[in-house]
Amino acid sequence: MTEQQAPSGRRDLRLHLNENTAGCSPAVVAALRAMYREDVATYPRQPALQATVGRWFGVPADWVRLTNGLDEGIQMVAQAGAWHYGASRPSPAEVIVVDPTFEVYELCAEAVGARLVRIGPEPDFRFPTERLLAAITPSTRVIYVTDPNNPTGLGIPAGVVDEIARRAPQALVLVDEAYGDFSGRTLIGPRLERQRNLLVGRTFAKAHGLAGLRIGTLVAHPETISLVCRVQLPFSVNISAMTALAASLADRSYLDWYVSESAASRELIYDFCRRHGFTYWPSEANFVLLRVGEGASAIAERLAERRIFVRDKSDSPGCAGCLRITAGVVAHTRLALAALEDSLAPRPH
Ligand SMILES: *Cc1c(COP(=O)(O)O)cnc(C)c1O
């Protein structure tokens with residue numbers, strides 16, 4: 001094993017929150033250790049890092065706003081949509097989400113007093129384009145879509161997000177690309193110049209392994225960025241998160257290595273599913289949703305007894321009998337699948 005692949009020495013195998021199972025780049029920890037006392041004593045300023053992040057995504061610095069995790073970006077969009085964007089429009093504000101989906105959208109919609117409009121799943125989680133478009137009303141203020149989606153790992157067909165943004169000029173449309181490093185696709189580009197109500201959200205929590213430091217970004221036309229940033233507290237992104245991100249962006253080979261480990265891990269999980277006759281959905285993200293059947297919750301509990309944590313998704317719309325398992329370092333995936341294999345066998349009394 002190379003140093004990069006060495007297990008972290010931590011006992012738990014955390015495969016339930018789509019964290020980076022290898023940890024962040026070693027360059028990140030070195031940069032944090034090299035911080036000066038004066039750095040820590042200084043209020044953090046974004047501009048230099050915003051320019052670096054802009055270059056990373058191929059846009060100017062003022063198209064980028066760093067956030068305290070992408071969660072903060074999701075919350076900012078809810079607040080800006082509900083309170084500022086077209087404030088003269090009918091209330092209550094409506095927020096549209098596509099089930100099954102990431103829970104934070106609902107929390108943020110509730111927090112701003114908006115009415116949540118859920119678009120239920122189609123067979124095999126095909127993207128419900130027609131039903132989503134039909135749900136748009138003059139009260140729609142925010143539409144959250146996730147590409148690739150969590151928990152399914154499925155992408156949104158090309159052109160659909162543009163169509164949604166065109167058909168809902170009264171709303172902010174956030175496309176959450178938390179897993180964009182794994183899918184290798186992004187909507188960041190010239191369309192954001194034309195489609196001013198469209199924002200792209202990215203996080204450095206997942207592929208970059210900075211979840212514990214809390215840093216993400218919104219990318220949009222500068223007019224949209226400044227509108228949405230009216231609801232952001234000054235200095236919400238801390239200096240260690242910014243130091244870590246600069247170091248992480250400078251170490252692309254670590255990111256590339258991790259993305260390829262994740263892809264290999266997904267293949268192992270698919271093989272496992274085929275051997276056991278489990279339905280799975282081909283994922284563009286660092287996790288796989290698989291249907292193990294009625295025993296899903298019991299299996300997740302049995303794995304947890306062995307300090308292997310997977311996500312029981314049984315209660316999410318369309319996900320009865322499903323587990324979501326993070327696909328990280330290949331060695332970790334092999335351990336998890338061996339344990340999963342054991343947990344499927346009937347238990348001796
Ligand atoms: C993990 C996740 C996030 C949250 O990212 P943070 O930067 O940790 O706040 C946002 N959206 C989706 C879909 C996620 O899965």
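Below, a biologist and a modeller chat about salt bridges and a pocket in this predicted model.

Biologist: How many salt bridges does the structure hold?
Modeller: Side chains of opposite charge can pair when their charged atoms come close. Counting such pairs over the structure, the number of salt bridges is 22.

Biologist: Take R118, then: which residue does R118 form a salt bridge with, and in which helix is that partner?
Modeller: R118 sits in strand β4, residues 115-119. Its closest N and O atoms with the partner, E106, are 2.5 Å apart. The two are twelve residues apart in the chain, and E106 belongs to helix α5.

Biologist: Is E106 buried, partly exposed or exposed?
Modeller: Buried would need under 20% relative accessible area, and exposed over 50%. E106 has 31%, so by those cut-offs E106 is partly exposed.

Biologist: Which residues are linked with R118 in a network of salt bridges?
Modeller: We've already met one of them, E106, as the salt-bridge partner of R118. The network also takes in an aspartate, so the residues linked with R118 are E106 and D99.

Biologist: What about D147 and R185: which of these two is buried?
Modeller: Their side chains meet in a salt bridge at 2.8 Å, N to O, and the pair links loops 38 residues apart. R185 has 30% relative accessibility, which counts as partly exposed. D147 has just 5%, so it falls under the 20% cut-off, and the buried one is D147.

Biologist: How many residues apart in sequence are the parts that R202 and D181 tie together?
Modeller: The side chains of R202 and D181 meet in a salt bridge of 3.4 Å, N to O. R202 is buried at 5%, and D181 is buried at 14%. R202 lies in strand β7 and D181 in helix α8, so the separation in sequence is 21 residues.

Biologist: On to the second largest pocket: which element gives the largest share of its lining?
Modeller: That pocket holds about 410 Å³ of space and has 24 lining residues, with L17, D71, F102, Y179 and K206 nearest its centre. The elements giving two or more residues are α4 (69-84) and α5. With four residues, the largest share comes from α4.

Biologist: How many charged residues are in that lining?
Modeller: Sorted by class, the lining of the second largest pocket has ten nonpolar and six polar residues. The charged residues number eight.

Biologist: And which domains does the second largest pocket lie between?
Modeller: One contributor to the lining covers 13-24 + 252-344, and the other covers 26-249. Both give residues to the lining, so the pocket lies between domain 1 and domain 2.

How values were computed. Residues numbered from 1 in each chain as written. Predicted model: local features only at pLDDT ≥ 70, side-chain atom pairs only at ≥ 80, totals over all residues. Heavy atoms only, no water. Salt bridge = Lys/Arg side-chain N within 4 Å of Asp/Glu carboxyl O. Buried < 20%, exposed > 50% of the residue type's maximum accessible area, 1.4 Å probe, protein only. 1 Å grid on protein atoms, 1.4 Å probe; cavity = no way out; pocket = protein on both sides within 12 Å on 5 of 7 lines; lining within 4 Å. Points joined across faces, edges and corners; volume = space filled by probe spheres on them. Nonpolar A, V, L, I, M, F, W, Y, C, P; charged D, E, K, R; others polar. Domains from an automatic or database assignment.
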